[in-house]
Amino acid sequence: MASSHSSSPVPQSNSSDAFFKKEMDTTKRFRPVQSLPDVCPKEPTGDSSNLCDSPSLVADQHRWTIYHSKVNLPAALNDPRLAKRESDFFTKTWGVDFVDTEVTPSFYLPQITKEHFALYQQEITPREKVHERCKNVCTPKDTFDRTLLHTHDKSRTDLEQVPKIFMKPDFALEDSLTFNAVLPWSHFSTAGGKGNRDAASSKLLQEKLSHYLDIVEVNIAHQISLRSEAFFHAMTSQHELQDYLRKTSQAVKLLREKISKIDKVMCEGSLRVLRLSLTRNNCIKAYNKLKLMATVHQTQPTVQLLLSTSEFVGALDLIATTQEVLQQELQGIHSFRHLGSQLCELEKLIDKMMIAEFSTYARNDLNRPLEDDCQILEEERLVSLVFGLLKQRKLNFYEIYGDEMIVTAKNIIKQCVVNTVSQIEEIDTEVVVKLADQMRMMNFPQWFDLLKNIFSKFTIFLKRIKATLNSIRSVVFLVLDKNQKTRDLEDTLQKNSAKDSTVDTEVAYLTHEGMFISDAFGEGDLPSVTADTTSQRNTSPNSEPCSSDSVSEPECTTDSSSSKEQTSSSVTPGGVEMMISDDMKLTDLELVRLANNIQELLYNASDICHDRSVKFLMARAKDGFLEKLNSSEFVALSRLMEGFILDTEQICGRKSMSLRGALQSQANRFVNRFHEERKTKLSLLLDNERWKQAEVPAEFQDLVDSVSDGRISLPEKKPAATEERKPAEFLIVEGQKYATVGTVLLLIRIILEYCQCVDNIPSITTDMLTRLSDLLKYFNSRSCQLVLGAGALQVVGLKTITTKNLALSSRCLQLIVHYIPIIRAHFEARLQPKQFSMLRHFDHIMKDYHDHIAEISAKLVAIMDSLFDKLLSKYEVKAPVPSACFRNICKQMAKMHEAIYDLLPEEQTQMLFLRINASYKLHLKRQLAHLNVVNDGGPLNGLVTSDVAFYTGNLQALKGLNNLDLNMAEIWEQKR
């Protein structure tokens, strides 16, 4: 309405703008100037009037008072009222240096100059010019607003002259206080000669009220003028509105008459049908409720019947269904008030019965004869028990099976021992009562057969456990798979419901008796999804109350033989079709943990069998029986135990270390005994060795030949041949002749025994390597003591250590050195890569043997060297030729050659005689220098040349030394 008078703002002249500014300035000019109070006001004195003039802390808290004044140090210093400032204000207290001290600029603050703002000025100057240009071009928008504001302020100023009492919403002259305030009685009093003055006052009051009335009328007229167009438009529209209302009233009356006729003709009969249908449905529901009560009443007898046939899952499902029906369908029924607690007690009883039944099943399954081929005992019964225990969240039932495994493993060993002892006539069970003592009376074959029987029984025992536990795990995984499918189905339903929720649905309401239309129909006629967990289906209105279609689903489920509701069928690995209840609320984490625990139980079964086997083994090893076994017996025992360990690892899928550790412990003891026996044997052989060449039996030659063919093992014993082969003088190894002593031949056999033991018992490879290294070192050091150290003189009783003994010892060492690389390769093939560092023992042994051989060669040279020193020190150059000294030397050289030629190879003999010849030349050169015989062609030189020619001829005449380069010219001093 007011918008009709509005117009676009018209630019006002500068005069109006100046007038507005002038008015604002006059307002500012007439504002009273408020002087600031004194900084230091006078303190109040005892005068009461002065006390009343002081400001109040309560009344004057919102305005400035003397209590807001504050005096600071700069104000005191800059006080203009002081004629002369005291320059020593600080110096009196703080020292002379305080006043003139110059503050040094900070190192952390930069010096700001105008150049720092140059970039900002360059950016902002163009923007400022554009802004000023736009401000001059654009018309002021607030000119009209200022005019309206001025008019509004003027009207408000006029209205402010009217007293506030006239503006109150509850203004009424009937109120005595209001009347007295508006018209004081003092204006109408005529007493006391004041009539003229009162009349003037009354007239003045009348004029004032008239003035107020004029102001109000002027403002009202102004407001009406602003809204006059809308006011007259409303008045003209009033007649049209009355016509519309009259026509609407007639139409409404006609419509009500038509609705009344329709209600009588069409609605009353239909509503009566709907009420009868609703009554019929209520009767059907009551009938179904009574049938449901009758069915629930039969719950306990049905549960007892199911328990009599061990149908624990069916009984639990029936109890769960009944409890759910009691809580949802039959809640508040007085006759069933105790049934819920009775069912809870019955459920606890079923828990105990299932645990006892599972314990009985585990006992029967594990203690049945091991000769039975059936892997799983009564698989249907097992699956049913497991489902029941899972339904009741008895997730520790596998511990019962584990306890039975321990007891059964003990009984298996005990029964095997009893059966074996009963078949041995030598053991009198009446005298020897304890089974352990009876077992210790067995010899190795009997005990070995007993151990083999125990291992075979344990293998069958583990296979049965694995089959049973796999069946239990399959049930767990079946439930886990069911949970996953249920979650997937719920996700699908949620997605579908989210899509369906977007569709707009309209629900019609039945106003008659305040009920929904949907309540008048049966649930079977409407497309609705029930949220009832029992999935009860109501019948349609067309069915009769006593018809079979009116029976609810809970009754059908309880009458069924399986007694399971809302179930999904699954097939177990045994082919038994089971029903998994939807109320088996186990989380995936619990099921996975249970499956892992069952798998761990299989590992524990393997550990139990191994532990019982270790105890059986230790019971037999108490008297040192296992340590006394020979190599073949211990190898057979080791192979049997290794086979059982591999079988259990294959069945259970994990290594058990107890039996392997016991085998390793016994293997270490066997290795120690094996090594000590052979070391003792070698020590005895060396102590009795006379270091003479021994004949080589044919079996040793065959042994060496088999090693050359790559078979590092002892040959099998052959039956005695009709013709015995004669022993050979030398041992032929890859075409080379080796003269040996009997101890070395036996040492080679002992070395092969070590290698064969490693092949038979791989777990002792490292121990055998260490022991064999020790044995080879012992042979080297002991032979050195006996030959080079001349220990054989006291031990064996040799008169002297001859060159033949030395050469034979060197050749024996060379034979062992020949086999060390072969032994090293044999052990290297059986070691782990991380164990290759142990092969360095063979490298050290090889070095020690080479050093020993070199020492023997040096000893042979030293023998001849001492002989040359002794003989040539007495040599004199004179006739006859050859001299006796040279004949004696040639004789000793021939003896040396005769002693070593058949023992050492030709190359070694030549190298040895070259070293002996070098020693001979050194001593001869020294003696000639002593005798002052020089190579001058004189008679002395001729005699020496003849002796040397005799020596050279004799030496080259020896077998194998004819091509030896003696270089005898080195005996003469070179002329300087």
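Arg 673, Glu 677, Arg 678 and Glu 753 form a network of salt bridges. Keep in mind that the model on the screen is predicted. As a reminder, side chains of opposite charge can pair when their charged atoms come close.

How many salt bridges does the structure hold? The total is 17. I will go through three pairs.

Start with Arg 363 and Glu 404, whose side chains meet in a salt bridge at 3.7 Å, N to O. This pair links distant parts of the chain: Arg 363 sits in helix α12, residues 339-367, and Glu 404 sits in helix α14, residues 398-422, with the two positions 41 residues apart. Is Glu 404 buried or exposed? Glu 404 is buried, because its relative accessible area is 12% and the cut-off for buried is under 20%. Arg 363, at 35%, is partly exposed.

Next, Asp 687 and Arg 782. Their side chains meet in a salt bridge at 2.7 Å, N to O. Here too, distant parts of the chain are linked: Asp 687 belongs to helix α20, residues 657-687, Arg 782 belongs to helix α23, residues 765-788, and they are 95 residues apart. Asp 687 has a relative accessible area of 21%, so it counts as partly exposed. Arg 782 has 18%, so it counts as buried.

The third pair is Glu 828 with Arg 824, a salt bridge at 3.6 Å, N to O. Where do these two residues sit? Both are in helix α25, and because they are four residues apart there, about one helical turn separates them. Glu 828 is partly exposed, with a relative accessible area of 32%. Arg 824 is also partly exposed, at 26%.

Now to the cavities. The count is four cavities of 30 Å³ or more. The largest cavity holds about 80 Å³ of space. Which residues line it? The lining of the largest cavity consists of Val 707, Ile 712, Ile 748, Ile 751, Leu 752, Cys 755, Tyr 819, Ile 822, Ile 823 and His 826. Two elements give two or more residues to that lining: α22, residues 742-760, and α25, residues 803-828. By type, the lining residues of the largest cavity divide into nine nonpolar, one polar and no charged.

To connect the two topics: helix α25 holds the pair Glu 828 and Arg 824, and α25 also gives residues to the lining of the largest cavity.

How values were computed. Residues are numbered from 1 along each chain as its sequence is written. This is a predicted model: local features need pLDDT of at least 70, side-chain atom pairs count only at pLDDT 80 or more; totals for chains, interfaces and linings use all residues. Side-chain values use heavy atoms; hydrogens and water are left out. On a 1 Å grid over the protein atoms alone, a cavity is a set of points where a 1.4 Å probe fits but cannot get out, and a pocket is an open set with protein on both sides within 12 Å along at least five of seven lines; lining residues have an atom within 4 Å of a point. Grid points are joined across faces, edges and corners, and a volume is the space filled by probe spheres set on the points. Ala, Val, Leu, Ile, Met, Phe, Trp, Tyr, Cys and Pro count as nonpolar, Asp, Glu, Lys and Arg as charged, and the others, Gly among them, as polar. A salt bridge is a side-chain nitrogen of Lys or Arg within 4 Å of a carboxyl oxygen of Asp or Glu. Buried means under 20% relative accessible area, exposed over 50%, partly exposed in between (1.4 Å probe, protein chains only).
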